[in-house]
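Let's take a walk through a protein model together, one piece at a time. Keep the picture open beside you and look for each part as we reach it.

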Amino acid sequence: MKNICDFMIIQRDADGFGRGTFAGVYDIEENQTVAARVCREDDNAVIIDWIECDVNGKEWKINLEIPQGGLYRIEARIIASPFISYENRYDWCKLIAMAQHIGVGEIFVAAGQSNMSGYGRDSAYDPAQLGVHLFDNSGNWVIAAHPLNSSVNPVYINDDGASGTSPALSFAKTMARKLSLPIGIVMAAKGGSSLEWWNPADEDPYLFVNLKKKLEETGKFAGMIWFQGCNETNEEEAYNYLEKFQQAVGLWRKEFGHFPIALCQINRHASKSQEADRFWGLVREAQRRSGMTIKDVFVVPTIDMYTCDGIHNGSGANIIVGERLAGAMLHGAYGMPGSSAPNIKIIRKLDSRTVLLEFAEKQSIRTMDDLASGMNIEDENGMMKCTKVSICGEGAKVTAEREIIGKAVFHAYWEREVPAFFIRDNYGMPMLACYGVEIESI
């Protein structure tokens, strides 16, 4: 990890401490040494009192163990040698180095393609916040502010020079508020990126390699938020997205250790042909199933969000998506109150025209005027619309427009045309989109 510097966020460990090195160079005379301390910035309280640094010629350094929280200020001053531990006047000595706005909390990787990099173009209030910081593409820690994935002098190849607003900032601010901790973002997304560029098993996983280089500078991290999949919405790749994603996650965790992932189902592409809807539906279904088959992967929907250009979520949508990602991470990884999207566990056929949707978690759900728009059943006679949906205990009964013949599957929210209403929980979280879920006979 790089030397402690302004705005740095240090990942806390299981005991609630962050570790880092504060170091520098100064013309230190023979009868002098260097001492350092840590103060809390908001009230000037001393958190770590003066400690003598290791001095080797002109170079000095100290390894610090800092309690979670902050923001902190770290000072280094020239003092008389020998160092006296009970001396309480070192703050009057010459200041030779200082790092400000340091936090010990949680670091999250933001990865995927353009909707994570952030291409929102419209106006929405999503300001920067001290205590929510970014390791940017120039290799510096800064206050996180849109655009997160651009820099004037980039040294990392994931830089998206034309990026706009991203859901990562809203996610980080929500996590900071709920955890009462400083939050760091390591932006690693890249517009137009394919899953293979992230998968260490592929020939040239250059974005995975890029992420490794960033993490060599920032240190350990607490989790990942992931928004990717649009590049795989085709006949060649949509069918094996789940298998490839499972493989990639396994290799990421082999490299970095186990970490939780909050994942976005992809939204839609308004200009794609109607025939392409199946492939977008297949990728969403793979993402839905990843939350059921991969440990500590939590999935949130985005299909109900508006887009600013036909495929990229708008700025206001990004704020909501970021809050959903934070809710899923808090609920799934931290065991705190959060949000979990209604997710189909099993579908049972009740009679010739009606099926019952049962959900993976017990939660209250609601519909609007029994509208079943956006839902279809596909049987041996082809695709049909659903005409009615109603609450049934903790599930939902869905009625088809005609009799269901033979083997059948259920689709929901898989087309580019957004329905008038989505099944939602009582907090407004829409049901995860699904595609090709088998309907079981009673």
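Two strands count as paired if DSSP finds at least two bridges between them. With that in mind, look at Val409, which stands opposite Glu438 in strand E23. Bear in mind as we go that this is a predicted model.

Val409 belongs to a wider pairing: strand E21 (residues 409–412) and strand E23 (residues 434–441) run antiparallel and are joined by three bridges. Now step back to see where these two strands sit. They are part of a closed barrel of seven strands, in the order E15-E16-E20-E19-E18-E21-E23, and the pairing around it is mixed. From one strand to the next, the twist averages 35°. Helix H5 packs on this sheet, where it touches E15, E18 (375–379), E19 (382–392) and E23. The direction of H5 makes about 70° with that of E23.

Let's follow the chain to one end of the barrel strand E15. Asn343 lies in the loop between helix H6 (315–333) and strand E15 (344–349). Is Asn343 buried or exposed? Its relative accessible area is 11%, and the cut-off for buried is under 20%, so Asn343 counts as buried. Setting aside residues up to four places away in sequence, Asn343 touches Arg288, Met292, Glu358, Phe359, Ala360 and Leu432.

Helix H5 has a helix partner too. Helix H4 (residues 241–256) packs with H5 (residues 277–293) at an angle of about 45°, and their axes are 9 Å apart. Because of that angle, H4 is oblique to H5. Their crossing is right-handed. On the H4 side, the contact is made by Tyr241, Leu242, Phe245 and Gln246. These meet Val283, Ala286, Gln287, Arg289, Ser290 and Thr293 in H5. Sorted by character, the residues of this contact are five nonpolar, four polar and one charged.

Two of the H4 residues also lead us to another loop. Leu195, which lies in the loop between strand E11 (183–187) and helix H3 (206–218), has Tyr241 and Phe245 among its contacts. Beyond its neighbours within four places in sequence, Leu195 is also in contact with Trp226, Gln228, Glu232 and Lys244. Leu195 has a relative accessibility of 4%, so it counts as buried. Leu207 is twelve residues away from Leu195 along the chain, and their C-alpha atoms are separated by 9.6 Å.

Next, find a second pair of helices. Helix H2 (residues 167–179) packs with H6 at an angle of about 45°, with the axes 7 Å apart. H2 and H6 are therefore oblique to each other, and their crossing is right-handed. Among the residues that meet here are Phe171 and Met175 in H2, and Leu325 and Met329 in H6. The residues of this contact divide into ten nonpolar, four polar and two charged.

Our last stop is a sheet that does not close up. This open sheet has three strands in the order E2-E6-E5, and its pairing is antiparallel. Strands E2 (17–25) and E5 (54–56) stand at the edges with a single partner strand each, so one side of each has no neighbour in the sheet. On average, neighbouring strands here are turned by 20° against each other, direction ignored. E5 pairs with E6 (residues 59–67) over three bridges in the antiparallel sense, and Asn56 has Glu59 in E6 as its bridge partner.

Terms used
Residues numbered from 1 in each chain as written. Predicted model: local features only at pLDDT ≥ 70, side-chain atom pairs only at ≥ 80, totals over all residues. Heavy atoms only, no water. Axes fitted to C-alpha atoms, helices over the stretch in contact; angles between N-to-C directions. Helix = DSSP H or I, 4+ residues; strand = E, 2+ residues; numbered from the N terminus. Parallel < 35°, antiparallel > 145°, perpendicular 65-115°, else oblique. Left-handed = near helix turned anticlockwise from the far one by under 90°. Contact = heavy atoms within 4.5 Å. Nonpolar A, V, L, I, M, F, W, Y, C, P; charged D, E, K, R; others polar. Buried < 20%, exposed > 50% of the residue type's maximum accessible area, 1.4 Å probe, protein only.
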